[in-house]
Amino acid sequence: MKKVVFISIAVVLVAVASVAGYVAHQLLGEAVKEDVVVYVPTGSDEKSLVELLDTVSAKPRLLVYFSSVVADRYGSPNPGKFTIKAGSNNYEMLRYIYTARGEEVRVTYNSLRRLEDLAGV
């Protein structure tokens with residue numbers, strides 16, 4: 001009798017653990033399938049960042065939740081150019097944009113000869 005109760009409890013625990021693992025994988029699983037370059041404009045807020053990343057993420061519904069969590073913790077997003085790596089989940093993607101500095105962007109002015117000419121532009 002004790003053996004039957006023990007086995008039934010073990011089966012229930014395994015079932016609960018598998019359901020919890022599936023839910024965790026759906027929430028925290030891969031949201032970016034390939035490397036993507038994202039340009040975040042200066043003055044972006046949480047809402048505009050979610051709209052910008054909505055096209056990048058494979059799980060856009062979770063962006064709103066994770067964006068509010070990350071915004072409460074880190075403040076406002078940093079402007080700049082960001083390369084989101086393949087295999088990132090939504091939380092990693094948002095945390096990278098909120099905490100990292102943007103990559104270097106080269107700007108070329110073809111019509112200027114000297115640095116002093118740039119001041120007049």
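This report looks at helix α4, the loop before it and the aromatic rings around it.

The model is predicted, so to speak of local features needs pLDDT of at least 70, and side-chain atom pairs count only at pLDDT 80 or more, while totals for chains, interfaces and linings use all residues. Numbering runs from 1 along each chain as its sequence is written, and side-chain values use heavy atoms, with hydrogens and water left out.

Let's start with S88, which sits in the loop between β2 (80-84) and α4 (90-99); helices (H or I, at least four residues) and strands (E, at least two) are DSSP runs, numbered from the N terminus. Leaving aside residues up to four places away in sequence, S88 touches E30, A31 and V32, where contact means heavy atoms within 4.5 Å.

Next door, α4 has N90, M93, L94, I97 and Y98 as its buried residues. They fall within an arc of 125 degrees seen down the helix axis, so they line one face; the arc is taken from the directions from the axis to the C-beta atoms. Among the elements covering them are β1 (36-40), α2 (46-53), α3 (61-74) and β2.

Here is how accessibility looks for three residues (buried is under 20% relative accessible area, exposed over 50%, partly exposed in between; 1.4 Å probe, protein chains only).

| Residue | Relative accessibility | Class |
|---|---|---|
| S88 | 12% | buried |
| F82 | 0% | buried |
| Y96 | 29% | partly exposed |
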